[in-house]
Amino acid sequence: MSATPRLFVTHDLLEGAQIPMTEEQGNYLLRVLRLGEGAALRLFNGRDGEWTAALHPEGKRAAVAVLGQQMRAQPPHVNDLELWFAPVKKARTDFIIEKATELGVHRIRPVLTGRTHSERVRIDRFEKIALEAAEQTERLDLPVIEDPLRLEDALQRIEPNRPLYFCDEAGDDGSAPWGGEAGRAPPFALAIAGAAPGPAAILIGPEGGFTPDERAALRGHAQVHPVGLGPRILRAETAVVAALAVWQSQVGDWR
């Protein structure tokens with residue numbers, strides 16, 4: 001991986017353009033990294049690919065970057081994968097946002113369920129975490145972070161061509177721990193074997209799982225496909241990483 005600092009900017013990128021650094025970026029480049037006149041940078045904006053740039057300080061924390069040449073063109077958007085997840089405790093939710101970004105999710109939607117432990121959602125914090133993860137992992141765009149919705153509302157808004165893979169850890173026997181073995185969903189990898197790339201969404205529930213009514217509603221929805229993630233009960237953040245890894249290896253951009 002290149003040691004050249006890599007930053008996301010919102011400005012259009014073209015040869016010779018002068019891109020003002022934000023105060024936070026200027027502080028990072030000039031005071032933290034202690035870079036000087038002409039230092040090499042890499043910039044991307046999610047639209048115009050990735051470009052070389054040269055740093056020009058304009059004070060202790062202010063700087064502009066003058067664009068050189070395009071290093072990578074912006075690829076067509078082909079990985080239209082959404083992650084729906086029930087927010088958990090702060091550090092674990094931060095982990096989910098970071099890893100979803102690293103694993104190529106296009107859109108992230110918090111969903112509120114009957115057993116959601118934390119309904120306090122800060123979209124600005126999520127966007128900052130996603131930005132930093134994209135800068136560090138060579139990603140050329142940022143995921144879209146949506147406002148939270150109640151699960152029932154999210155299901156009403158799902159596009160008709162987008163299957164929703166519901167990671168269902170429970171069985172159907174209400175008297176047995178985690179529903180017993182009857183009614184268990186098929187393994188995720190088996191459920192998507194041979195699937196063609198296209199729009200899709202993955203739903204990860206809260207700690208404690210979905211309520212019986214939520215599970216019944218999900219299993220009764222025409223676009224929802226219950227899938228399993230193995231014989232162990234995974235924590236929510238572990239389930240996110242496991243499900244996204246299965247998807248990317250079978251249908252996504254790992255192939």
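Here is a short chat about helix α1 and its surroundings in a predicted model.

Visitor: How many helices and strands does the secondary structure come to?
Guide: The protein has 255 residues, of which 44% count as buried. Its secondary structure comes to seven helices and twelve strands.

Visitor: Where is Tyr28, and is it buried, partly exposed or exposed?
Guide: Tyr28 sits in helix α1, residues 23-32. Buried would need under 20% relative accessible area, and exposed over 50%. Tyr28 has 37%, so it counts as partly exposed.

Visitor: Which residues make up the nonpolar patch on the surface that includes Tyr28?
Guide: A patch takes residues with over 30% relative accessible area, and Tyr28 has 37%. Together the patch residues offer about 260 Å² of accessible area. They are Tyr28, Val32 and Leu33.

Visitor: Why do the buried residues of α1 line one face of the helix?
Guide: The buried ones are Gln25, Gly26, Leu29 and Leu30. Looking down the axis of α1, they line one face because they fall within an arc of 105°. As background, an α-helix has 3.6 residues a turn, so residues three or four places apart point the same way. For α1, then, the value to look at is that arc of 105°.

Visitor: Which residues are exposed on the other side of α1?
Guide: Start from the buried set, Gln25, Gly26, Leu29 and Leu30. On the other side of the helix, the exposed ones are Glu23, Glu24 and Val32.

Visitor: Which strands do the buried residues of α1 pack against?
Guide: The residues doing the packing are Gln25, Gly26, Leu29 and Leu30. Their partners are β1 (6-8), β3 (40-44), β4 (50-57) and β5 (63-72).

Terms used: Residues numbered from 1 in each chain as written. Predicted model: local features only at pLDDT ≥ 70, side-chain atom pairs only at ≥ 80, totals over all residues. Heavy atoms only, no water. Patch = residues over 30% accessible without salt bridge, like charges linked within 9 Å, V, L, I, M, F, W, Y side chains within 5 Å. Areas by Shrake-Rupley, 256 points an atom, 1.4 Å probe, with all protein chains shown as cover. Salt bridge = Lys/Arg side-chain N within 4 Å of Asp/Glu carboxyl O. Helix = DSSP H or I, 4+ residues; strand = E, 2+ residues; numbered from the N terminus. Buried < 20%, exposed > 50% of the residue type's maximum accessible area, 1.4 Å probe, protein only. Arc of directions from axis to C-beta. Contact = heavy atoms within 4.5 Å.
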